[in-house]
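Hi there,

I hope your week is going well. Here is the structure I promised to pass on, and my notes come after it.

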Amino acid sequence: MHRDELTRWVGDTDAFLDGHWRTAPAVFRPGSAGPAAPLSLEEIDAAVAGGLLRVPHLELARAGDPVHSSRYTRPRTVAGVTTPGYADPHRVRELLAEGATLVLRNVEHWHPATRALTHRLEGELGRRVEAFFFVTPPGAQGLDLHRDDADVLLLQGTGSKRWTVRGGPAGPDWSPGEVADAGPALLSDTLRPGEVLYIPRGFAHEAVGGEGLSSHLSLTIREAGTQQLFASLQRLLLDGLPLPARPLDDAALHAAAELLLERFRTRLPELTAEALLDHARRAQLAEGAVPELGADPGIAALAARLDAPRDPAANAA
């Protein structure tokens, strides 16, 4: 399988998947052959100043000192309806200057180049990919030591950032979020523009802004979980089964139970763990799918079609 996009990020994809995926953090310095940041600080300025970016796509964070959204957003009134949570560009810049970190969530929802990037990686990895963008002033820390419920590939865009990655959870019963202690550092390194960091799912990590205004793109690679497996099991075993919605008596209820059991007896022996996991991953991809911008003709194309000269022969017909 060709993994051209992943190759730009990590180089030898077989070595990455065999030696690091889910097991060990790593820094990659691909140089001129590496990925280019799809989103610039100028585009972020335009998005924030444009007036339509709002919570939860935008957040300001500071480790140990949460920043309430009321400090960097304001309401807007359209057609008599007032809606809170829109970015206030002046307050955003003030808080950045004071040491807060700007977090843009799910950038693929509104930025075409980022959306194209996540689509390419989804096709290569078979898992949902979401994009986050962080802007951190020198010496500042946006988030305390924490775990993410996703594998993370991040690309340094501007400035530098010092990263520390510690171990993963000891067992399957863990939750994402802040952690007090995660053992000794497995990786401690400073990322500079064009360099890539991989953090396995669940491995605790934290970062501090270095020289200049640090910005990086963080791609979270989501994995299917037990809920998705259960939902896929139901679909694979029961789709198309003509069960009555409300059996009227005991006999009808008993018949529905027999129908369910017969379907399980027939289909369950043929189902493999690999097929179930594949279905769960594909279902998760479909559930979180965001249409690629430009995939449809769009409004401009409609306008061009309506303005095009009409064929007299077609009108005569």
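Below is what I found, going from the whole chain to the pockets and then to some backbone details.

First, please keep in mind that this is a predicted model.

**The chain as a whole**

The protein chain has 317 residues, and 38% of them count as buried. Its secondary structure consists of 10 helices and 14 strands. Taken along the principal axes, the C-alpha atoms fill a box of roughly 70 × 70 × 45 Å. If you look at contacts with a separation of 6 or more, 81% of them join residues 24 or more positions apart. The accessible surface of the chain is about 17,300 Å², with 55% of that belonging to carbon and sulfur atoms.

**The two pockets**

As you will know, rolling a probe the size of a water molecule over the atoms shows where empty space is left.

The largest pocket holds about 640 Å³ of space. Its lining is made up of 37 residues, and the ones nearest the centre are Arg105, Phe134, Leu143, His146 and Asp148. Which element gives the most to this lining? That is strand 14, residues 214–222, which contributes four residues. By type, the lining of the largest pocket divides into 15 nonpolar, 10 polar and 12 charged residues.

The second largest pocket has a volume of about 220 Å³. Arginine appears in its lining as Arg128, Arg201 and Arg222, and the acidic residues there are Asp149, Glu223 and Glu287. Ala224, Gly225, Thr226, Gln228 and Gln284 also line this pocket. In terms of type, the lining of the second largest pocket has six charged residues, four polar and one nonpolar. Helix 6 (226–238) and helix 8 (273–287) each supply at least two of the lining residues.

**A hairpin to look at**

Strand 3 (residues 73–78) and strand 4 (residues 81–87) pair in the antiparallel sense, over five bridges. To find your way along the pair, you could start at Arg76, whose bridge partner in strand 4 is Thr83. The hairpin has two residues between the strands, and in it Ala79 takes a positive phi near 55 degrees.

**Backbone details**

Most residues other than glycine have a negative phi, and most peptide bonds are trans. With that in mind, I would point you to three places.

Ala79, from the hairpin above, is one of them: its phi is positive although the residue is not a glycine. Ala79 sits in the loop between strand 3 and strand 4. Is Ala79 buried or exposed? Ala79 is exposed, because its relative accessible area is 77%, and the cut-off for exposed is over 50%.

Arg22 is another residue that is not a glycine and yet has a positive phi, here of about 70 degrees. Its place is the loop between helix 2 (13–19) and strand 1 (26–28). Arg22 has 29% relative accessibility, so it counts as partly exposed.

The remaining place is the peptide bond from Val55 to Pro56, which is cis, with omega near 10 degrees. Pro56 lies in the loop between helix 3 (41–49) and strand 2 (58–61).

Enjoy browsing the model, and do write back with any thoughts.

Best wishes

Note on methods: Residues are numbered from 1 along each chain as its sequence is written. This is a predicted model: local features need pLDDT of at least 70, side-chain atom pairs count only at pLDDT 80 or more; totals for chains, interfaces and linings use all residues. Side-chain values use heavy atoms; hydrogens and water are left out. Two strands pair if DSSP finds at least two bridges between them. On a 1 Å grid over the protein atoms alone, a cavity is a set of points where a 1.4 Å probe fits but cannot get out, and a pocket is an open set with protein on both sides within 12 Å along at least five of seven lines; lining residues have an atom within 4 Å of a point. Grid points are joined across faces, edges and corners, and a volume is the space filled by probe spheres set on the points. Ala, Val, Leu, Ile, Met, Phe, Trp, Tyr, Cys and Pro count as nonpolar, Asp, Glu, Lys and Arg as charged, and the others, Gly among them, as polar. Buried means under 20% relative accessible area, exposed over 50%, partly exposed in between (1.4 Å probe, protein chains only). Contact means heavy atoms within 4.5 Å. Accessible areas come from the Shrake-Rupley method with a 1.4 Å probe; for residues, only the protein chains shown count as cover.
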